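Subject: The structure I promised you

Hi,

Here is the structure I said I would pass on. Have a look at it first, then read my notes below.

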Amino acid sequence: MNGRWLLKRIGMSLLVVWSTITLTFALIRLMPGSPISRMRAELYQQYGATMTQAEIDRQVRLYLNVQPDEPLWQQYITYLLDTFQGDLGHSYVQGIEVTVILADVLPWTVLLLSIAIMFQYTIGILLGASMAYAEGSRFDFLSTSVSTFLVSVPFYVFAFLLIFFFVFQWDLFPQGGKYSTGLEAGSLAFYRSVLYHATLPIVSLVITGFGGIALSMRANSIQTLGSDYIRGAQLRGLSNFRISYRYVARNAILPLYTGLLIQIGFLFGGAVILEQIFSYRGIGYVLLDATLYRDYPLMMGTFMVITIAVVVGVFVADLTYGKLDPRIQTGDSQ
Amino acid sequence: MSQQVVAQENILELRDVTVSFGMNRGVSKVLDDVSIDIHRGEILGVVGESGSGKSMLASALLDAVVDPGTVDGEVSYRTDSGETVDILDLEDEELRQLRWEEIAMVFQGAMSFFNPTMKIRGHFLETLKAHDQDVDEGMEHARELLTDLHLEPDRVFDTFPHELSGGMKQRALIALSLILEPNVLVMDEPTAALDLLMQRSILTLLDDLQEKYDLTIVFITHDLPLVKDLCDRIAVMYAFDVMEVFPAGDLSNSTHPYTRSLLNAVPNLTTSLDELRSIEGSAPDPVDIPSGCSYHPRCPLSTPECEQEDPPLEEIAPDQEVACWHHEKVDEELPLALETSDGGSAEVYEGNQSDEPVVVMDDIEVHFETDDGGLLSLFDDPEIVRAVDGVDLEIYENDVVAIVGESGCGKTTFGKTAVGLQEPTGGSVRYRGQDIWETKRGEGTGDRSYDEIRRALQIIHQDPGSSLNPNRKVSSILQVPMKSWQSDLDVEDRKARLLAMLEAAGMSPPEDYADRYPHQLSGGEKQRVALIRALLMNPDLILADEAVSALDVSMRVDMMDLMLTLQDLFDTSYLFISHNLTNARYLAGRAGGRIAVMYLGEIIEIGPAEEIVQNPQHPYTQALHWSTTDLDSNSEGEADESPIRAIDVPDPIDPPSGCRFHPRCPEAREVCATEKPSLDSGTDHCTACFREYSEDHPYWDSEPLGEETIGAHVGGESS
Ligand code: SF4
Ligand code: SF4
């Protein structure tokens, strides 16, 4: 891994973040019926008699990070600088800083998604590998059918089913929330309660997610098993253990990594619906709320954080992928 | 070459070895009752076309036939201590030890033999450990082997497989196969994917290794001329059985009709061009092998007896066995073309090219940035690959120009530039006086549109399969060009026209072929369809990029003949790209065309085809010539010394100073490292080398280059 390559990746990530900020700015400022005009109209309606124009503008600036009477480029620069300093404005509805709200909910979403991804991949890889080894058997056939079926079921359909049975019919799990009230934060009971509440959302993601991974793992392994270097390794008398772990597993798992990148983005998008279904107040929940209440600062802050999370995820995965797979080590276009 | 083997003791004996696969269509015998002895210390060449069962023979030697194939018969191996073991009877663990320790194998697809995610060192280490060898000692041996193969051990150990060039990978693999000091090395088409020059260099090295480590080598290949000098004996396979075995020294020893026909079908540098004949018919299907002699449907000497009874392999002279009822008649009926030809003064067709150039290329440069570009190359300091560096060429009407060079010399990029598929970064490409790229940008002055120019310049690829739409029948593939360029033809006319074309291309009955999908065609047939499609656009120039390289030897001549016949019919020119001087000579020679030799982005010699072949001037062209074995050189043994000093091509990112060939040139002197020779013009035959300059050129007073000046530039891959 060389420095130039690293610089390039960092540059690429910054570029994406910058485009998001610019896009958000353009949305606020240029859209007809934009948040700015809307907010001014509202303020005017409410306080028109008591507030001066300058005061209204000050309010708008406070909430949206925009100074409506400045020239456009100056507004853009200010907005850009504010955002890069971590000032995302104030929530229009709750009146608190957007950053504070986000810091409160983001970890919960990350918790859900990372556990779900971990399970998806562990189950998917193990199942896929066993399917490949037993290629053509009844087990292979059954698992392939089940996986294919599960992949085609949207997770929210599954989520509704889970809620219907486990919550309403059998009353095994809570219907919503992140933890039971009245527990001391940090205590063992608290963590148990957190996991208990997270179970259903995670299960709905895992059940509908591992199938795709298992299927690609199966295909990769079969392809690897049939490759010349496996035959070469057998002729050279290497042990089966070494062949399966150093040759088959490694070469079959690596391509899945790219799938992981897409998965991260996909799951953040899915979080909006998932958290709504389970009344789980994570970042997706907040985003939908903000949209419903037209809480523009919050909405845009959330949008930006999700983008950054995806960018960082991709960046990290990219970085480690280079370490794992020598073929793309320097990012050369070979 | 060890003809002086103490006792002609056999190290391996095969008796009635059969490999069969059960298939729905019946049992498929891909090796049919083969019996052959392999002498200790010899190099045995096993020659056959694809689908002759030669790869199965290799696998059977190690009992390594892939499932669900089964091997029957006896493969006896005699160890150093004189014991005999039957390889097919061994327990798993015994077999595991025998492989690589006694018999090692380099099989086809060697390019992907290495684990892509493990460094080369790891492959050596794990092999040593798996066989409980002393690792330090073993690695020392590995270093020696790598050095023997002209590789730098430390550098190679620390690379991943994809970082090595094809030739380096192949040599690293040979070292890996010898790491446990086996007695026998089985090699299945080990060099097929490499350039000829690299193939020959590797064979020379193999010859040395064989002597140094006292190896027995079984070398399996489709290319008889290539291995002729390397081998002691040659076994020819056809239809899953051995047809004959003969001493390799003299090809006229061969007495089987198939071998004769095979030899007469191989284009080479000495046989008169008119005597090349391709073999009629095709090799049999493993499920349905003809009764009697399996070659009788194609054999010109076949008699009723041949159809009834299968001739056994019988000894007719020491070291020589043949399976043919009429082998005595072979010399009379099927003489070797190279013996009857009058010393290679081939008749040169007067080319009917006009003086009017179709495409003129002036000082073409194509420089690539290794970076994939985009906004973020801001952060990079891109490396520049000089794929083509200042080349001039004029192509006339009805012309044939063959570009020859090793892979990575820029010949494909140059070809694409000629037909307007690649924009040059410097210089100009003009079609009938009109600059192609200016026209594309709408700045040109000519009256032709860009589309018209694109139509006039066509291309056929090396792999025809990828350029034909797999979901369309041949007839609809061929109608596309006619619909767009000859819209005045109605359906019936188009149909009639394409049937006539298929017929002319030897694909009859044409109605049958028109109805097929690409996957129902053989490689050669696909290539013909691609050629017809290109011709139906009525082009002035066709770029044929390695268009025959992927075909079996006997089909190459066919394809090139077709190209020439159709050239007459359609009035087109060819720009033929090949790494093989023989193919270039065949095509360009027959049309009275030219051969241009490229090296690291420059043309270093150009002239009339026969001139270049018979009288090469540039040391590099001479090396290419050396790599193309002459069939008639009866020199036994010693694959003669390689005429180049370094095997690998230097990195095109940082080409050598002065004459770009100087790190490998056997004639290089000090001047060559600093000054650059230019292509002397004025005559038909131009050469970019100081040796072609007058006597008072400083070259002649300059000191020969020492070894130490060379090392600096050698090393093929970018680091
Ligand atoms: S046995 Fe007959 S058919 Fe077979 S190769 Fe000899 S002459 Fe030809
Ligand atoms: S110029 Fe010198 S180095 Fe180049 S080919 Fe001629 S002799 Fe060899």
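How many residues of domain 2 of chain B are in contact with domain 3 of chain B, and how many does domain 3 put in? Keep that in mind while I go through the domains. One thing to know before you start: this is a predicted model.

**Domains**

The domain assignment splits chain B into domain 1 (10-102 + 182-339), domain 2 (357-368 + 384-615) and domain 3 (616-628 + 643-719). Between domain 2 of chain B and domain 3 of chain B, the C-alpha centres are 31 Å apart. And here is what I asked about: 25 residues of domain 2 of chain B touch 24 residues of domain 3 of chain B.

Chain A has domain 1 (3-84) and domain 2 (106-324). Their C-alpha centres lie 35 Å apart, and the contact takes 17 residues from domain 1 of chain A and 12 residues from domain 2 of chain A.

**The two ligands**

Now turn to chain B and look for the ligands. Ligand 1 is surrounded by 13 residues, and B:Cys293, B:Cys299, B:Cys306, B:Cys324 and B:Trp325 are the closest. By type, that shell has nine nonpolar, four polar and no charged residues.

Ligand 2 also has 13 residues around it, with B:His618, B:Cys659, B:Cys665, B:Cys672 and B:Cys689 coming nearest. Its shell divides into nine nonpolar, two polar and two charged.

**Rings**

Over all chains, the whole structure holds 20 aromatic pairs. One of them is A:Phe164 with A:Phe165, an edge-to-face pair with 5.1 Å from centre to centre and 80° between the planes. A:Phe164 is partly exposed, at a relative accessible area of 42%, and A:Phe165 is partly exposed too, at 33%.

Another pair to find is A:Tyr229 with A:Tyr247, which is tilted: the centres are 6.3 Å apart and the planes make 40°. A:Tyr229 lies in helix α9 (residues 228-235) of chain A and A:Tyr247 in helix α10 (residues 240-253) of chain A, so this pair ties together parts that are 18 residues apart in sequence. A:Tyr229 is buried at 10% relative accessible area, and A:Tyr247 is buried at 0%.

There is a cluster as well: A:Phe164, A:Phe165, A:Phe166 and A:Trp170 form one aromatic cluster.

In chain B, look for charges over rings. The charged end of B:Arg200 sits over the ring of B:Trp626, 4.5 Å from its centre. B:Arg516 lies over the face of B:Tyr513, and there the distance to the ring centre is 4.3 Å.

**In and around helix α8 of chain A**

Is A:Ser204 buried or exposed? Find it in helix α8 (residues 188-225) of chain A. It is buried, with a relative accessible area of 0%. Apart from its neighbours within four places in sequence, A:Ser204 is in contact with A:Phe155, A:Phe158, A:Ala159, A:Leu162, A:Leu274 and A:Phe278.

A:Leu183 sits in the loop between α7 (155-169) and α8 of chain A. At 34% relative accessibility, A:Leu183 is partly exposed. Again leaving out neighbours within four places, A:Leu183 is in contact with A:Ala189, A:Phe190 and A:Ser193. From A:Leu183 to A:Ser193 is 10 residues in sequence, and 8.7 Å in space, C-alpha to C-alpha.

**Backbone angles worth a look**

Most residues other than glycine have a negative phi. With that in mind, try these three.

- A:Ser279 has a positive phi near 45°. You will find A:Ser279 in the loop between α11 (256-277) and α12 of chain A, where it is partly exposed at 32% relative accessible area.
- A:Arg294 comes just after α12(A) and takes a positive phi of about 55°. As for helix α12 (residues 283-292) of chain A itself, the buried residues are A:Ile283, A:Gly284, A:Tyr285, A:Val286, A:Leu287 and A:Ala290.
- B:Asn538 is not a glycine, yet its phi is positive, about 55°. B:Asn538 belongs to the loop between α20 (523-536) and β19 (541-545) of chain B, and it is partly exposed at 41% relative accessibility.

Have fun clicking around!

Definitions and conventions:
Residues are numbered from 1 along each chain as its sequence is written. Chains are lettered from A and ligands numbered from 1 in the order in which they are written. This is a predicted model: local features need pLDDT of at least 70, side-chain atom pairs count only at pLDDT 80 or more; totals for chains, interfaces and linings use all residues. Side-chain values use heavy atoms; hydrogens and water are left out. Helices (H or I, at least four residues) and strands (E, at least two) are DSSP runs, numbered from the N terminus. Buried means under 20% relative accessible area, exposed over 50%, partly exposed in between (1.4 Å probe, protein chains only). Contact means heavy atoms within 4.5 Å. Rings of Phe, Tyr and Trp (its six-membered ring) pair if their centres lie within 6.5 Å; planes under 30 degrees apart count as stacked, over 60 as edge-to-face and the rest as tilted. A charge sits over a ring if NZ of Lys or CZ of Arg is within 6 Å of the ring centre and within 35 degrees of the ring normal. A residue is near a molecule or strand if one of its heavy atoms lies within 4 Å of it. Ala, Val, Leu, Ile, Met, Phe, Trp, Tyr, Cys and Pro count as nonpolar, Asp, Glu, Lys and Arg as charged, and the others, Gly among them, as polar. Domain bounds come from an automatic or database domain assignment.
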